[in-house]
Structure formats: structure tokens, C-alpha cells
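This report describes the strands, helices and charged contacts of one protein model. Please keep the structure in view while reading.

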Amino acid sequence: MFDYDTRPATPLPILVGTRATPGAYAIRDFLSRNGYPFEWVDAGQPEAVRAVLGVAEVESSALPLCILPDGSRLASATVEQVAAGLGMVAAPALSEYDLTIIGAGPAGLAAAVNAAFEGLRTVVVEAVAPGGQAGTTSMIENYLGFPTGITVANLRRAP
């Protein structure tokens, strides 16, 4: 009898590039900071490239090349294209807001919670990660009203 997991594997985004490709570094940094797993293929390794693309070489003008989990390919990919392709970009829910907060760190999050509590239609814009610090860490150490910090799980349960 074999012990194995029968759940289907979720495909990861595949990023093909070189360490010297500025766009590849930016995408790798973005995915890593968001805790989004991905597969890295060095374009200088013909066998690795062949295993992923079926060809041994990729034109440098197409780098970085990103293959999204749905199979679509983004040549000369940008962080914005990859984020949109992975569903990490959301359109505004309302046509207008009373307050726009830039940055979802502890200060932005506290401002948003207080503004929403007061009945203001509030939107928070974050450039790095969905949910800001709350989306990328398990503990927020400098959140207003919690001198020893608060876990993200407890923050979600807070009244």
C-alpha cells in the first residue's frame, strides 16, 4: 500500500529570466514579499528552459517570461501584469469614496478602521501586498491600542 496525497497539485507561476534581468528581480521580489510560491527557471540553463518551454533558448527581449497557473504566457512581464494575472489586483467597489488611505501598514489600517467606524466610505491603496502588513505577517507589533502587538487572527476577530 502506498501512502500518497491524491489532491491535485495547484500549478505555480513559472518565471524564466536571468539574475541580471531587472524585471525578473522585481517580479521575484514581489512574489516573495507576498508569500506567493513560484518556480524560477534560469534562462541560462538550456535543459531547464527546455523542460518548461520545449525550446532550449528564449530571446532576451522576451525576458522575463512568466507562465501563469492558467497557462497564459507574459513575455517581457511586469509586476503589474503578473499581479493582475494572479488576481491580486482589485477594481474599486464604489465609484467614489469619502477617504482614500495610501498604505496598509499599522497607521493606514488604524485610520481605515476608525474612518469606516465613523461611517466614511473608505478605501485603502497598498502598493506592495494585498492587506498590507496584515496580509504578510502573523503579528502586527505596533498597532494602535495593542502595546504588545496583536496577531492578525485576533485582529480579524476584534469588534
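Two strands are said to pair if DSSP finds at least two bridges between them. The model discussed here is predicted.

**A parallel pair and the helix that joins it**

Strand 5 (residues 99-102) and strand 6 (residues 122-125) meet this condition, pairing in the parallel sense over four bridges. Within this pair, I101 has V124 of strand 6 as its bridge partner. Together with helix 4, strand 5 and strand 6 make a right-handed β-α-β unit.

Helix 4 spans residues 106-117, twelve residues in total. From its first C-alpha to its last, helix 4 reaches 16 Å, close to the 16 Å expected at 1.5 Å a residue. Which residues of helix 4 are buried? They are P106, G108, A110, A112 and A115. Just after helix 4, the chain comes to G119, which takes a positive phi of about 90°.

**The open sheet**

Another group of strands forms an open sheet, with four strands in the order 2-1-3-4 and mixed pairing. Its edges are strand 2 (39-42) and strand 4 (73-74), each of which pairs on one side only. Strand 4 pairs with strand 3 (residues 65-67) in the antiparallel sense, over two bridges. In this pairing, R73 of strand 4 is the bridge partner of I67.

Two helices lie across strands of this sheet. Helix 1 (residues 22-33) lies across strand 1 (14-17) and strand 2, and runs at about 155° to strand 1. Helix 2 (residues 46-53) lies across strand 1, strand 2, strand 3 and strand 4, at about 130° to strand 2.

The loop between strand 1 and helix 1 contains T21. Is T21 buried or exposed? T21 counts as buried because its relative accessibility is 12%, and the cut-off for buried is under 20%. Leaving aside residues up to four places away in sequence, T21 touches L63 and P64.

**Salt bridges**

How many salt bridges does the structure hold? There are three, and they are set out below with the N to O distance of each.

| Salt bridge | Distance, N to O |
|---|---|
| R50 and E47 | 3.0 Å |
| R121 and E96 | 3.8 Å |
| R121 and D98 | 3.2 Å |

The salt bridge of R50 with E47 lies within one helix: both residues belong to helix 2 and are three residues apart, about one turn of the helix. R50 counts as partly exposed because its relative accessibility is 38%. E47, with a relative accessible area of 56%, is exposed, since the cut-off for exposed is over 50%.

R121 forms a salt bridge with E96, and this pair links distant parts of the chain. R121 is in the loop between helix 4 and strand 6, whereas E96 is in the loop between helix 3 (79-85) and strand 5, 25 residues apart. R121 also meets D98 in a salt bridge. D98, too, is in the loop between helix 3 and strand 5, with 23 residues separating D98 from R121.

In this way E96, D98 and R121 are linked in a network of salt bridges. Within the network, R121 is partly exposed at 37% relative accessibility, and D98 is partly exposed with a relative accessible area of 42%.

Conventions: Residues numbered from 1 in each chain as written. Predicted model: local features only at pLDDT ≥ 70, side-chain atom pairs only at ≥ 80, totals over all residues. Heavy atoms only, no water. Expected span 1.5 Å × (residues − 1). Buried < 20%, exposed > 50% of the residue type's maximum accessible area, 1.4 Å probe, protein only. Contact = heavy atoms within 4.5 Å. Axes fitted to C-alpha atoms, helices over the stretch in contact; angles between N-to-C directions. Right-handed = clockwise from strand over helix to strand, strands pointing away. Salt bridge = Lys/Arg side-chain N within 4 Å of Asp/Glu carboxyl O.
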